[in-house]
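Me: I'm new to this one, so could you walk me through it with a few questions and answers? Let's put it on screen before we start.

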Amino acid sequence: MLVLWLGREFYKVKHGHVGIQGNELADQQAKLATTTGVDTIIPAPRSYVKRLLNKLMIKEWNDYWRQYNSTSGARVRDYLEHVSPKFLIHSKCLISFLSGHGPFPFYLCRFKILDSPLCVCGQVCDADHYTFSCSLTQKFHLVKPADAHKRAWFQNLINNSQALNKLKEAFRISGGVCDSLTQAV
C-alpha cells in the first residue's frame, strides 16, 4: 500500500498491479524463468532470435490489448490502433487524457476521494469534459474529434505544442477544482 500526499491530505493507494491476473501471471512466469530453466543451444544468431522473440512478444501484447475489457482500455483503443514499444508518451497530461486517470472528479469518485463525479458546473467531470466542454476551461478547449477521426486527431495533438499547452492548462484547472473539492469533503 502506498500513502500519497495530495494538497493537504494523505490518501492510501493500492499498488496498481496487485491482483490483476495478467500482471500476477507475468510475475509468476518471470520468477519461474529465473529459478528453473534449461540451457538450450539455438542454431541461429542471437540478433535473429532477439528480433523473432520481440516480434512474438509485440504480437501477443497487441492480441491481449485488443481483448482486454476495461473502461480505460477501451478509451485508449479509441485513440491508438495498436501497441508499439516505439511509441512512448512522456507527457503526463497526454497519459491522463488517454487513460482518463487524473485530476478529474469522475476518476477520484471511483476511489471515494470525492463524493460526486460532477463538476462544479453540474456535468459529469472526466478528461473529455475539461478538454472539450467545461465552462471553467472554455479558454483552453480543443475541437472534439468525430469518433471516426479520433486516431488522426490524437496523432495531430501529439505534434501540436499549442494544443498540448491548452490541454495542460485545462488539466491544471481541473487539478485546482479537485483540490478545492477535496478540501470541502
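Me: This is a predicted model, right, so what does it say about leucine 108: buried or exposed?
Reply: Yes, the model is predicted. Leucine 108 sits in helix α5, which covers residues 105-110. Its relative accessibility is 10%, and the cut-off for burial is under 20%. That is why leucine 108 counts as buried.

Me: Which residues is leucine 108 in contact with, leaving aside neighbours within four places in sequence?
Reply: For a sense of distance, leucine 108 and aspartate 126 are 18 residues apart in sequence and 9.7 Å apart in space, C-alpha to C-alpha. The contacts asked about are with Gly102, Ile113, Leu114 and Cys178.

Me: Where is lysine 112, and is it buried or exposed?
Reply: Lysine 112 is found in the loop between α5 and α6. Its phi is near 60 degrees, a positive value in a residue other than glycine. The relative accessibility of lysine 112 is 70%, so this residue counts as exposed.

Me: What about arginine 75, buried or exposed?
Reply: Arginine 75 belongs to helix α3, residues 71-79. Beyond its neighbours within four places in sequence, it contacts Phe97, Leu98, Ser99, Gly100, Ala127 and Asp128. Its relative accessible area is 15%, so arginine 75 is buried.

Me: Which elements help cover the buried residues of α3?
Reply: The buried residues there are Gly73, Arg75, Val76, Arg77 and Tyr79. What covers them includes α2, α4, α6 and α7.

Me: How many disulfides does a search of the whole structure find?
Reply: That search comes up with zero. Cysteine 119, for one, is in no disulfide, and the nearest cysteine sulfur, in cysteine 121, is 3.7 Å away. A disulfide needs two sulfurs within 2.5 Å. So the number of disulfides found is zero.

Me: Why is the sulfur of cysteine 134 not bonded to the one in cysteine 119?
Reply: Cysteine 134 is buried, with a relative accessible area of 0%, and cysteine 119 is buried too, at 6%. The sulfur in cysteine 119 is the closest cysteine sulfur to that of cysteine 134, but it is too far for a bond, at 3.8 Å.

Me: Which helix gives the largest share of the largest nonpolar core?
Reply: In soluble globular proteins, nonpolar side chains tend to be buried together. Here the largest nonpolar core has 33 residues, and Phe97, Tyr130, Trp153, Phe154, Leu157, Leu167 and Phe171 have the most contacts inside it. Two or more residues come from each of α3, α4, α5, α6, α7 and α8. The largest share, eight residues, comes from α8.

Me: Which residues does leucine 167 touch, not counting those up to four places away in sequence?
Reply: Leucine 167 is one of the residues with the most contacts inside the largest nonpolar core. The residues it touches are Cys93, Leu94, Phe97, Thr131, Leu142 and Leu157.

Me: And on the surface, what accessible area does the nonpolar patch with Tyr48 have?
Reply: Tyrosine 48 lies in helix α2, residues 46-67. At 39% relative accessibility, it counts as partly exposed. Together with Leu52, Leu53 and Leu56, Tyr48 forms a nonpolar patch on the surface, and the accessible area of the four together is about 370 Å².

How values were computed. Residues are numbered from 1 along each chain as its sequence is written. This is a predicted model: local features need pLDDT of at least 70, side-chain atom pairs count only at pLDDT 80 or more; totals for chains, interfaces and linings use all residues. Side-chain values use heavy atoms; hydrogens and water are left out. Helices (H or I, at least four residues) and strands (E, at least two) are DSSP runs, numbered from the N terminus. Buried means under 20% relative accessible area, exposed over 50%, partly exposed in between (1.4 Å probe, protein chains only). Contact means heavy atoms within 4.5 Å. Patches are made of residues with over 30% relative accessible area and no salt bridge: like charges are joined within 9 Å, nonpolar side chains (Val, Leu, Ile, Met, Phe, Trp, Tyr) within 5 Å. Accessible areas come from the Shrake-Rupley method with a 1.4 Å probe; for residues, only the protein chains shown count as cover. A salt bridge is a side-chain nitrogen of Lys or Arg within 4 Å of a carboxyl oxygen of Asp or Glu. A nonpolar core is a set of buried Ala, Val, Leu, Ile, Met, Phe, Trp, Tyr and Cys residues joined through side-chain atoms within 4.5 Å.
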